[in-house]
Amino acid sequence: MWRELAPVGRHPDSGGYRRYAWSAADLECRAWFRAQAEARGLTYETDRNGNQWAWLGDPLAGDAVVTGSHLDSVPDGGAFDGPLGVVSSFAALDELRSRGVAFTRPLAVTNFGDEEGARFGLACVGSRLAAGQLTVADAHRLRDADGIALPAAMESAGYDPDTIGPDPERLARIGAFVELHVEQGRALDLTGDPVGIASAIWPHGRWRFDFRGEANHAGTTRLVDRRDPMLTYAETVLAARREAELTGALATFGKIAVEPNGVNAIPSLVRGWLDSRAADQATLDAVVTGIERAAREYAERAGIDLDVVRESFTPVVEFEHALRDELAKILEGSGDTGRPVPVLGTGAGHDAGILSASVPTAMLFVRNPTGISHSPAEHAAEDDCMAGVRALADVLEGLACS
């Protein structure tokens, strides 16, 4: 499975993946998912929001155990973020069948659409729509860098955008959702464990900073006569690092758009996107407030207009303790570990975090020896990946076969 999926959407120059929502690469990944489902005799369906499902047992029976992740990527992302969870889900099902277990609850593997938000700027679109955390009106307003609206992108890919919206009936049929994911950090590498359990997802969000100045000629305009928004943006980037260090949070300006974007032109607009995360809400509020305060001070001093817009926000997610504890008990008694499994928090958002408001959710992490993620250098050793498959199979057996 891994070899089949690996070439899809991989850029020949960067070696990273560009599997953007509703693009040709994304459609190829979706076709791969359907082929995997049909090869196993599973009931395949796509829900009203474009999320894919592969069912073992009656999809309408209720109290189902669901596992899976996503197949899309960030720009030049790594091979493991998302796909490891989907591939491992199919592999865990294969493992359970080889064990000859008897399923007492329906089981499903899923691929949630547009988790990374790389194309339309909002993460977890598929799961947000299903959970009612993204309104239909707001979804229709989403645009990519070329001005293409989300509904138009879905329609061009062969999906009906008129059906999108909350899906409470489907979510009500899920008794538990377990997402396996490569760890996006080095906690497991430091403890020497191949697999861990998630405790919580930090609160996090994305803010857009629009710095507006005055376009002018770079070769004829005196420095004292300039209203250059790039300088104010640069000062704000440095302020973000300082505020993050002071508060113990994370703050990153990782995306920028410039107008008119000419080498010999002073910009009229610099638009930067801030990603910020922290262990608790008070700390996140403090770091973002500090960054915005500094940006406004710099802008006022330089004669720059500034607008700040919060584009997305996800509060802290505490995974259901009962399900988390059940996973820990199952894995502690399994042959692979036989000892307590590490429980760790994460600053990365996931579909499991979105769904946690509607259904009991839990997450497993697979060791990442470098901690690098959202990069072509992202990696997990094959032995650790197989340990993750066995751990997921043990969990699914404990939940769906008991």
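Helices, in the sense used on this tour, are DSSP runs of H or I that span at least four residues, and they are numbered from the N terminus. The model you have open is a predicted one, and that is worth keeping in mind at each stop.

Begin with glutamate 95, which you will find by selecting helix α3, residues 83–99, and looking for this residue within the helix. If you colour the model by accessibility, glutamate 95 should come out as partly exposed, because its relative accessible area of 26% lies between the 20% under which a residue counts as buried and the 50% over which a residue counts as exposed.

Keep glutamate 95 selected and add leucine 392, which is 297 residues away in sequence; a distance drawn from C-alpha to C-alpha between the two comes to 9.7 Å.

Next, select the whole chain and show it as a cartoon, where 13 helices and 15 strands can be traced. The radius of gyration of the chain is 22 Å, close to the 21 Å that the globule rule gives for 402 residues, and the chain is therefore as compact as a globular protein of that length. Along the principal axes, the C-alpha atoms fill a box of roughly 80 × 45 × 40 Å.

With the whole chain still selected, turn to its contacts: of those between residues at least 6 apart in sequence, 76% join residues at least 24 apart.

Finally, switch to a surface view, in which the accessible surface of the chain amounts to about 17000 Å², with 51% of that area belonging to carbon and sulfur atoms. Buried residues account for 54% of the 402 residues. If you then mark the charges, 38 positive and 59 negative, their mean positions lie 3 Å apart.

Note on methods: Residues are numbered from 1 along each chain as its sequence is written. This is a predicted model: local features need pLDDT of at least 70, side-chain atom pairs count only at pLDDT 80 or more; totals for chains, interfaces and linings use all residues. Side-chain values use heavy atoms; hydrogens and water are left out. Helices (H or I, at least four residues) and strands (E, at least two) are DSSP runs, numbered from the N terminus. The radius of gyration is taken over C-alpha atoms; the globule rule is 2.2 Å times the number of residues to the power 0.38. Buried means under 20% relative accessible area, exposed over 50%, partly exposed in between (1.4 Å probe, protein chains only). Contact means heavy atoms within 4.5 Å. Accessible areas come from the Shrake-Rupley method with a 1.4 Å probe; for residues, only the protein chains shown count as cover. Lys and Arg count as positive and Asp and Glu as negative; His and the chain ends are not counted. The place of a charge is taken as NZ of Lys, CZ of Arg, CG of Asp or CD of Glu.
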